Structure formats: C-alpha cells, structure tokens
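Colleague: Could you take a close look at one part of this model for me, the packing around the residue at the heart of the nonpolar core? Start right there, and then work outwards to whatever it connects with.

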Protein chains: 2
Amino acid sequence: MTKAPATIEDVARLAEVSIATVSRAIHMPEKVAASTRQKVNRAIAVTGYTVNAMARNLRMGRSNMILAIAPDIGDPNFPNILIGMETEARANGYGLLIGHTQGDHGRAIEYQKFLNSNQAAGMILFTGILPVDAALPLPRLPPSVAVIEPMVNGAIPFVGVDDRMGARRMVDLLITQGHRRIAFIGDSRERQAHHRRRIGFDEALAVAGLRDGQTILDTDGTLEGGRTAVERLFLRDTLPTAFMCVNDQTAAGVVLALTARGYDVPRDFSVTGFDDIPQAGFLSPALTTLRQPRIAIGRTAMAMLLGLLDGVPPELNETLLMPDLIVRSSVAPPDPDRLPRS
Amino acid sequence: MTKAPATIEDVARLAEVSIATVSRAIHMPEKVAASTRQKVNRAIAVTGYTVNAMARNLRMGRSNMILAIAPDIGDPNFPNILIGMETEARANGYGLLIGHTQGDHGRAIEYQKFLNSNQAAGMILFTGILPVDAALPLPRLPPSVAVIEPMVNGAIPFVGVDDRMGARRMVDLLITQGHRRIAFIGDSRERQAHHRRRIGFDEALAVAGLRDGQTILDTDGTLEGGRTAVERLFLRDTLPTAFMCVNDQTAAGVVLALTARGYDVPRDFSVTGFDDIPQAGFLSPALTTLRQPRIAIGRTAMAMLLGLLDGVPPELNETLLMPDLIVRSSVAPPDPDRLPRS
DNA sequence: CTGAAAGCGCTTACAG
DNA sequence: CTGAAAGCGCTTACAG
C-alpha cells in the first residue's frame, strides 16, 4: 500500500534537469532561471515530492527539529509553555517534538542519542537534570535550555518564573490582610523551583519581622500531599491563620482537607496557591494565586535556544519572568481572636 | 564546544577492523568472532560511539520511532494513554515522540512529512482526522492507528473506549436509582466519541421506555460548557432530576452551576461524568463516572501499530475497551415529589 | 569470519 | 545558470 515516496531523482528526470538544479530550485530559487524553476515546480507538483529530511539532515549535519524533554506531560503548566515554544519555533522554521521521560533518567538518555544523531538540533529540558549517561566519556551537549526547573548537574541557560519574588509578593499580601502566622506547605529538596518559593517565603517574613514560629511542611506538590499536610498540622497546638501553598494542586488539597474538617475557607483559614492552573478559578473558593507567564516562558526559552543554534550566547544565565498576583476569594483577614496578642 | 561525535569509522580504525565488522559486531554479534567483538566493544567504549540513527534510518529505509500526533496535550486523558504506549513501544525497541497540533490541520501535515522522511516508522492519531494535504496527489499513508477519536476521513484501525455501552451502563444506574427525567449534556457533531455516548444514552432510554421528553444539550465538553448548559436548561419549565454529562469536565461545570444556584448535589440533582479524570474523585461531591482504561488503550493501540509495522493486519477495525463504572457520591435517588406521576 | 564496495537521498563546492 | 561528482554515516549482499 505504501508506495515509495518520490525522490529528488524522480523530479529531476521529469523536469529534465539534474538533481542539483532541483535542489537549488527548492532552496535557492533565485539562483535558478525562471523557466527552469517552473519546470521543476511542475514536476514537484505531479510527483508530490517532499524532501527527505533524513537525507537532508545527514548531509547538512543539522536538523530543524527541536526536542522538548518532559518528565510529566500531565503537569498543568506544560501545555501553554509548549504552545509558546511552538509559536516561536514555527516562526523560525523549526518544528517541535516532545519526549516524555516519566521521570526516568535512562529514557532521557535515549532521547539524547536522538539528538546526537542530528535528528534534532537542540533540546529544551523540563526535567531539572541533564540527561548525561555517566558511562559516556564525552558528554558533548547539544544546544540546550532549561525551563521550569533549573539544572542541578550542569550549567545551561534557564528560563522560568521568578519563584522567589512571587512568593514574597504573596506573603506580603497575606501580611497586609493581617495574617501573622502563616504556614508554608510544600518545601522540597527535589524541586528547585519549589525550594525557591520557600526561600521567598522566608525572606518576606524576615523583612516583616515575623520569622519566628512559622511552620514549614515538606510536601511533594500533589493534591494528596496538601491534604495529608493539613492532617499533620492539626496534630500541633498552634495553628496558622493562612496556608501558603507551593502550588495550586497542593492548595486544592489543603482546601479539601480543611473543608472536610468543617472549616470555611477563607473565613477560618486563608489559602493561596502558585501557578494559576486552569482549574484554579473554578475551585470553591476560587483560588488566590500567582500566575505563571507560561506562553512567555515558552517563547523566551525557544528564542534563546534558536539563538544558541545561531551561535548567539545567551545574555543571562537565568531569565526570570515575574508571575502575576491573581487575587480571588480564598483569602480574607483572619479572625481577630486567633491572632497572637502582641 | 560540541565536538563532532564519534563515527563508525573512528571505532573501526581504533579496533583495527573494517566498518562492516563494527556494524556486525553491534547488530549481529553472533556473526563476529569473540575476540574481534571484544576489540570492537573496547573501541566503542573509549570513543563513546553511538549509531547515527539518521544515517541508519536513511540506509535501512525505516526508523524505530513512533510519532503520536495529538491536538491537545492538556487533555486529562492523554498522559496515561501515552504511558501505556511508551511501555509497549519500549518493550519492543521503539521510542515515542509526540507532535502537538493544537488542532491545526496544517501542523499535522508537517508531522506527516516527518513520517515520510522515515524519521518515524508509524503514527498514532489522537485527532480523529487524517493529516492528509488535499493538494498532495498521492496520500501514501504510513502505518497508523487512531485512538480516542475514530477517523472521519479514512479507514485506519481504531482503539478506544466503548462509549456507547459505557453510556448505557450509566443510564441504567440512574434508572435503577429511580430517575425518570435525565438530561444529556454534551452531544457534539465535532467529536465522534461524544456522539457515541449520546447514542448509548438514547438506546438505554429507549430500552427502558423512557424515550420521551428527554433533554439533550449540545456542548463543547469543557467545564465552561457544562456551566452554561445548566443556565440554558433553567430557562425551561420541566427540569430533569439527573444530569448525565458527556465527560468529567462538563460534569464539574454542571455541579458548579448547580451549587451556585443554591442546589445540593446529589440531594437535589444527580450528576454523572465520563472518563474519570484524576480530579474526579476530589470534586465535591466526588463524581460518579466511567473510567477509561487509559493505559490499556495506549498499550493496545501501540501493539496494533507495531503489528502493522511487521505486516500483521489488525484483527478488528475497531477495538473497543469497556470502561469501569465508578460509583461515588454525586448520585442519589431523586426526590419523590419531583418524579412525574404515572 | 571478514573486507571492499554499492547505495540510501540529499547538498554544495567546483567547473564550465 | 547548470551539471558531474563527492560525501554525510551507515548496512548488507557479495566475495573470499
């Protein structure tokens, strides 16, 4: 059923020119006589010819595909970042392919080989870790940029959200509302980005002179994690009046657990998230959160990679985009009776 | 920075054999003397050689990558289906790449060219539509299988959930609970799968002799769509006692709209979904729904495609997997006063 | 068991 | 403006 696709040879024969001329007519039309160009175009039309990218890349030692390596395509931040990347890539004649690793390092290395074969010109890593096989003696890295998670094992340019400053803005909001005891749900040694949010949290409290007695809970960033964090917290005697969560999923879990215990958010507790995932506005109460500029992150990262491909070194090693504070109804001033007396 | 990768030539020189022998040592080791094999392996280790897949594919006229073309990677059904596919692909020495079209037909055609260049051996389509450029005279199709959405413009094997039977089981549940007026929210001419759910709905009601006076609302399958559907419905005089939604997102929207109007689910209205997306169990009330066997769908589809690649024709043109009925708390018997008197 | 050679489909100096 | 030829990195009959 699958008839062999037309080759440049077929086109040349039909147009009665050499294959060199066909190649030129396609890629440098101005170097070919108008009449010849016409003959070639006609031949291309009747044969349905498309260049064999495999052969072209082999010959040119370069491809026009970019590979994005993602550990979890279920991440709600992922789709829009990807769309930003695609937009930028397409505008420059590149295509985008996604490799899914499920957090498996070995799988990432497989994709690396794909790159090494010139099947893609560069890569964008969502993983926070370089897919380098320790067994390989020469880990020559193709042009790469990191997104969402900065690299832990190597220095490649990073584009992401300003987690630290975002967190500070959120704490400031909570303090302005009158909160004095704020729990941070979701520190993580696994995820750099989460840890940075935690740093911002600390800084903002330090500035406000509220450093003491704050609660920090480690959590994996899932809804379930937020839920169990609340359970752990309720074992203590002093409760916070606000929960600042490392992301929206965690916040959703916290709200759920609080509601299940009969509390009302935001009357009894304020809860905030980070990311502004699509569902954030639909939770009840609608979640106050920080919106990641996802499309911009995608575009910026891709633009940087494309620059790298052209030999343009990135200006910054770390490009941090500011998130927008989205105030919705999950935050309110605390009950005065529950504030510490000063 | 990027030193040229080692080639088969480098390995041959170092091992003091011909490139033919190196190739054999790698791909048909039993045809090479043990001592030679050792020399080659050592040379491979010191050079860090990996085959250039580009050259290999060009020469062999076949690649070991499969391309999945998806219109929307944000679809909550997507991740697990993909995981199923990857599992099956890897077990057979294939890798999986994802192409994202954002519903753009032109983009799908780009990916098709990728296939035509032997950069991938086959494709899996999530789009419900064949990426065929009408301008191309010879739409030679690479081995392909469709998933989630059956094809509208061509016949390729399809693997999906049994939407029709699933819907029937759901209606039966509702009827058993005592419901007599059930609204179907989410028929669609755009999405085959949704329309099939609607057909199942009709059939189940016909069997129960409840065909008359049922409400059908068209909707796009989004949360927002579910929401507005409820608003439209409340303009009518006769309300249903149960809402059977075409998917979980729609159901979430319906619940939200109902709650916003001061109703309680399931006391005042029962609501059901379809898919069992990850959040379904966390909604309040937890959603009664049909669970798509996502991993199995992915594995089955990939196995079929791999079979196609080996020249094994699929047994069935349509493989339908049964969804599991997941009963949670969004369904209850209706208020007797609101039942039609018979 | 091993090597020399052809060829996959292309691009691009090099001549003319 | 156009063509003949080399070569990208591989695999695989074909000889030996």
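Modeller: Ile66(A) touches Ala89(A), Tyr94(A) and Leu96(A), then a run of Ala120(A), Ala121(A), Gly122(A), Met123(A) and Ile124(A), and finally Leu305(A), leaving aside residues up to four places away in sequence. Keep in mind that this is a predicted model. The largest nonpolar core has 86 residues, and Ile66(A) and Ile66(B) are the ones that touch the most other members. As a rule, nonpolar side chains in soluble globular proteins tend to be buried together.

Now for where that residue sits. The domain assignment gives chain A a domain 1 (8-51), a domain 2 (63-156 + 295-322) and a domain 3 (163-288 + 327-338), so by those bounds Ile66(A) belongs to domain 2, as does its partner Leu305(A), from the second segment. Domain 2 and domain 3 of chain A have their centres 31 Å apart, taken over C-alpha atoms. Their contact takes 8 residues from domain 2 and 7 residues from domain 3. On the domain 2 side, that makes 5 nonpolar, 2 polar and 1 charged.

Next, the other chain. 40 residues of chain A are in contact with 40 residues of chain B. On chain A, α4, α5 (78-91), β2 (95-100) and α6 (105-116) each supply at least two residues of that side. By class, the chain A side comes to 21 nonpolar, 14 polar and 5 charged residues.

How do the two copies relate? A rotation of 180° with 0.0 Å of shift along its axis superposes chain A on chain B, with an RMSD of 0.0 Å. That is the relation of a two-fold axis. Ile98(A) is the residue of chain A that comes closest to the rotation axis, at 2.5 Å for its C-alpha. The same surface serves both copies, with 100% of the contact residues of chain A recurring in chain B.

Last stop, the DNA. 25 residues surround DNA strand C, and the closest are Ile8(A), Ala20(A), Ser23(A), Asn52(A) and Ala55(A). Both chains take part: α1 (8-15), α2 and α4 of chain A, together with α2 and α4 of chain B, each supply at least two residues of the surface near strand C. That surface has 12 nonpolar, 7 polar and 6 charged residues. Around DNA strand D there are 25 residues too, with Ile8(B), Ala20(B), Ser23(B), Asn52(B) and Ala55(B) as the closest.

How values were computed
Residues numbered from 1 in each chain as written. Chains lettered and ligands numbered in written order. Predicted model: local features only at pLDDT ≥ 70, side-chain atom pairs only at ≥ 80, totals over all residues. Near = placed C-beta within 6 Å. Contact = placed C-beta atoms within 7 Å. Helix = DSSP H or I, 4+ residues; strand = E, 2+ residues; numbered from the N terminus. Nonpolar A, V, L, I, M, F, W, Y, C, P; charged D, E, K, R; others polar. Core = buried A, V, L, I, M, F, W, Y, C linked by C-beta atoms within 7 Å. Buried ≥ 20, exposed ≤ 12 C-beta atoms within 10 Å, placed from the backbone. Least-squares fit on C-alpha atoms with pLDDT ≥ 70 in both.
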